Amino acid sequence: MTLMSSQFQPVLDRIMAELDRTPGRGRSADYIPALAARDPRSFGMAVAELDGTVYGVGDWRQPFSTQSITKVFTLALDLAREGDELWEHVGREPSGNPFNSLVQLEYENGIPRNPFINAGALVVTDRLQTRTGDAAGELLAFLRAESGNPSLGFDKEVAASETAHGDRNAALAHFMASYGNIDNPVPVLLDQYFRQCSIAASCADLALATSFLARHGIRADGTRLLTRSQAKQVNAVMLTCGTYDAAGDFAYRVGLPGKSGVGGGIIAVVPGRCTLCVWSPGLDERGNSVAGVAALDRFTTLTGLSVF
């Protein structure tokens, strides 16, 4: 099936109508108090075409906590600066363990399995911090430019909440520092990382900001951020590692590169065609949005758009 762009809106409307009849949306993330109060039945979804046209449904313009979705953008920003040297410090394989696990680091000598588990994201943020002096600020500027929304910002309440409950991330950072895989002082790195994860953005903002990956590395202003090969690499790691230890099931059901966050958001890429973002705060036991995965599953089924 070949879908015309004008058909995106009816597809989104159909998906939302179907989800409204579906009971059970999971539970909002309760280990970050600032996220625990979010209504798990909230839902928004947006599709952005390569020319910047956006279609949406539900709460698609409602800002939410991006959390681990930002790991995609810090990966791209650092990869653009240092290239393949990055992969000497972080792997590209699925972890098979929870996103905040300490287990693998010890027997893999402080090298995280991939950039999207917390340990790997800390390494990428650390390296971007070394190269820019303000990793979170660099990320925010990028998201503002690509989304066309200059009002995007950090959520101080969420950042403070993560800082107050960030012992596991501190442990990961100190452990990797003991292996020489962290350059900056751990408190500096953690501040940057928690600010990074606290950025609030809407489905429309994130669908637009992700479009450079569908354009094979080309930014909204026509300049190139990544080589075509690097954009392929980021999409590949999203497909195999982007939804914590449920990446295999996500690839099976959705068939697109994607990255989720415990704020309930998921971004996805159809290379050469469009990008998507869906948000619903109710999570499954692996930290992925229940309604979000279901919506993306229906989108690829109804449109035939997939990388397979």
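Two strands count as paired if DSSP finds at least two bridges between them, and with that criterion in hand the tour of this predicted model can start at a sheet.

**First stop: the open sheet.** Select β3, β5 and β4, three strands that form an open sheet in the order β3-β5-β4 with antiparallel pairing. Because β3 (64-65) and β4 (153-154) stand at the edges and each has a single partner strand, one side of each is left without a neighbour in the sheet. Next, select residues 199-201, which make up β5, and look at the antiparallel pairing of β5 with β4, which extends over 2 bridges; in one position to display, Gly153 has Ala200 in β5 as its bridge partner.

**Second stop: β6, β7 and β8.** Move on to residues 265-270, strand β7, where 6 of the 6 residues are buried, so the strand is largely enclosed by the rest of the structure. Colouring by face shows that both sides of β7 are covered, with Gly265, Ile267 and Val269 buried on one side and Ile266, Ala268 and Val270 buried on the other. In a regular strand the side chains alternate between the two faces of the sheet.

Now add residues 258-260, strand β6, which runs antiparallel to β7 and is joined to it by 3 bridges, including the one that makes Ile266 the partner of Ser260. The two strands form a hairpin with 4 residues between them, and Gly264 in that turn has a positive phi of about 100 degrees.

Then add residues 274-279, strand β8, which pairs with β7 in the antiparallel sense over 6 bridges, and find Cys277 of β8 opposite Ile267. β7 and β8 also form a hairpin, here with 3 residues between them, and Gly272 in the turn has a positive phi of about 80 degrees.

**Third stop: the nonpolar cores.** Which residues have the most contacts inside the largest nonpolar core? Select Phe73, Leu213 and Leu226, which hold that position in a core of 45 residues. Centring on Leu226 and leaving aside residues up to four places away in sequence, one finds that it touches Ala76, Leu79, Ala80, Phe212, Leu213, His216, Gly217, Ala231 and Val234. A second, separate core has 26 residues, among them Leu276, Phe299, Leu302 and Leu305.

**Last stop: a cavity.** A search of the whole structure finds 2 cavities of 30 Å³ or more, and the second largest has a volume of about 40 Å³. To see its lining, select Leu35, Arg38, Phe64, Ser65, Gly263, Trp279 and Pro281, a set with 4 nonpolar, 2 polar and 1 charged residues.

Key: Residues numbered from 1 in each chain as written. Predicted model: local features only at pLDDT ≥ 70, side-chain atom pairs only at ≥ 80, totals over all residues. Heavy atoms only, no water. Core = buried A, V, L, I, M, F, W, Y, C linked by side-chain atoms within 4.5 Å. Buried < 20%, exposed > 50% of the residue type's maximum accessible area, 1.4 Å probe, protein only. Contact = heavy atoms within 4.5 Å. 1 Å grid on protein atoms, 1.4 Å probe; cavity = no way out; pocket = protein on both sides within 12 Å on 5 of 7 lines; lining within 4 Å. Points joined across faces, edges and corners; volume = space filled by probe spheres on them. Nonpolar A, V, L, I, M, F, W, Y, C, P; charged D, E, K, R; others polar.
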